[in-house]
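Dear colleague,

I am handing over the structure below, and I would be glad if you could look through it alongside the notes that come after it.

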Amino acid sequence: MTLDLVVLGGGVTGLAVARLAARSGWSVAVVERDDLASGASSTSSHMLHGGLRYLERGHFALVREALAERGTVSRMAPALTRPVRFLVPLVRHGRLRPWKLRAGLWLYDVLAARSTLSPRGWASARDALALEPGLEPAGLLGAGLYSDGVVDDARLAVAVARDAAAHGATILTRSELLVARPSGEPGGEVVLSVRDRETREERELRCRAIVNATGAWTDATRTALARSLAPGSTDPRPLLRPSRGTHLVYPALTRGHGVLVTAASDGRAFFVVPFAGRSLVGTTEVETASPPASEEFAPSPDEMRYLASELARVLPGAASLRPIAAYAGVRPLLDAGSSVGSASREHRVVAEGPLVTIAGGKYTTFRVMARDTLVAAAALVGRDPESLVPDAAPLPAPLAEASSAVALGAHAAEHEFARSLEDVLRRRSAHWLDDDRGVSAARDVAAGMARRLGWAPEREREEIDRWEAAVRESDDRIARALGPA
């Protein structure tokens, strides 16, 4: 069988491409080297937002588009998203001027139009402290108020995958691309050899077009495919200028509000985001290579110290608290010739022979990126781009929060493509944010997975040991950067 499309990359963008293709009647398979959402799609700031800070750079069209998508995605996955009120403190001698903040909040509401969650507001210093007593009172002039969305990023991506599969897409995780070659037959089809990294089983996929949606690995994937599909051609020019974003996870630092502040040391904006009873603090902007080396996916001591220091300036009570966790992701930002910190979150689609590459973008606009990608791929597969269907239908709901850990493991293995304990604890639940980072839940989750996947007792023990080792490594990294607990 010849597929219309093979999508390389199981992040939210690649999965959205597969979902829209399958819903539109295309035959499609997704090939993901690791787990779904195991890259940037599970290491974001967990926000569905237009990007208030992008207004300062003049990216009005992007903000308008993202705000519309914020509303649509929230309606598609109400169990995985929620609106949150954010405070923007104004301080004496700060970089942000009151008039500029008022103008930005006004424009944010205007661009949101019907997608506005709740209108902007303004609080005096006294009122801001009443809303969030933990704010540093010295020099506080007041605070702007606005609303944005918070999302369980990884679980939303998994829901997109589930919907794609329900409409006929094939989802292959832990599967690596060995080689791609022209079929040599009329029609310009491509043959891909794919190997399961666990079973070592190999299979061939024949398709009319390939979509490269590999995030931070976009340039490497594009170059490798160019060499395979067009031997002797010049390597394509890189599209990306990736950057690492690090976050610290604290016990709840606010009364449920988010906080957007400007760092005193370098003027960068960073957030305190309420999520799953915790506070996510980030993010940083550290340029990485394209493709990044493996060590560039871990938070550095300098980044953790930077975030902890800036946080304590705004919320002094955090100085006595230890982060529960730290994580980092690499953003696949487009190379626009400017500094990484001011790089656009816009996306770009590049069609080259049977290969269509989607690069850049931001999590919130994954549906827009998917549609633009399939419009570019339509001619390759003999489809009318006008036949792409609307894709705002509700996504499958996650397992009820009250379900047992055993049921969670079984459900994730049977319905959510999970193949390891980490897949469930980190990307199909919030157990990674438990006080013990999911260690106490690990045994029952593994037992539920074993029932569905046929694990031997030795495999169960290996999975639990691997998770416990990962938790210890994370704790050690935090201790080396910020001192012992």
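The notes below take up a helix pair, then strand pairings, and then a single arginine.

Please keep in mind throughout that this is a predicted model.

I begin with the helices. The axes of helix 1, which covers residues 12-23, and helix 5, which covers residues 153-166, come within 8 Å and cross at roughly 25°. Because angles under 35 degrees count as roughly parallel, helix 1 is described as roughly parallel to helix 5, and the crossing of these two helices is left-handed. On the side of helix 1, the residues that take part are Val-12, Leu-15, Ala-16, Ala-18, Arg-19, Ala-22 and Arg-23, and they meet Ala-157, Val-160, Ala-161, Asp-163 and Ala-164 in helix 5. Sorted by class, this contact between helix 1 and helix 5 consists of nine nonpolar and three charged residues, with no polar ones.

Next come the strands, where strand 4 is a useful place to start. Strand 4 (residues 81-91) runs antiparallel to strand 6 (residues 140-151), and eleven bridges join the two; within this pairing, Leu-90 of strand 4 stands opposite Gly-142 in strand 6. Strand 4 also pairs with strand 12, in this case in the parallel sense and over two bridges, and here Leu-87 stands opposite Val-259 in strand 12.

Further along the chain, strand 17 (residues 347-352) and strand 18 (residues 355-360) pair in the antiparallel sense over six bridges, with Val-350 placed opposite Thr-357 in strand 18. These two strands form a hairpin with two residues between them, and Gly-353 in the turn has a positive phi of about 60°.

Finally, I would draw your attention to Arg-268, which lies in the loop between strand 12 (258-262) and strand 13 (269-275). Is this arginine, Arg-268, buried or exposed? Its relative accessible area is 18%, and since buried means under 20%, Arg-268 counts as buried. When neighbours within four places in sequence are left aside, Arg-268 is in contact with Val-261, Thr-262, Ala-263, Thr-283, Thr-284, Glu-285 and Tyr-306. For one of these contacts, Thr-284, the C-alpha atom is separated from that of Arg-268 by 8.4 Å, the two residues being 16 residues apart along the chain.

With best regards

Definitions and conventions. Residues are numbered from 1 along each chain as its sequence is written. This is a predicted model: local features need pLDDT of at least 70, side-chain atom pairs count only at pLDDT 80 or more; totals for chains, interfaces and linings use all residues. Side-chain values use heavy atoms; hydrogens and water are left out. Axes are lines fitted to C-alpha atoms, for helices over the stretch in contact, and angles run from 0 to 180 degrees between N-to-C directions. Helices (H or I, at least four residues) and strands (E, at least two) are DSSP runs, numbered from the N terminus. Angles under 35 degrees count as roughly parallel, over 145 as roughly antiparallel, 65 to 115 as roughly perpendicular and the rest as oblique. A crossing is left-handed if the near helix is turned anticlockwise from the far one by less than a right angle, and right-handed if clockwise. Contact means heavy atoms within 4.5 Å. Ala, Val, Leu, Ile, Met, Phe, Trp, Tyr, Cys and Pro count as nonpolar, Asp, Glu, Lys and Arg as charged, and the others, Gly among them, as polar. Buried means under 20% relative accessible area, exposed over 50%, partly exposed in between (1.4 Å probe, protein chains only). Two strands pair if DSSP finds at least two bridges between them.
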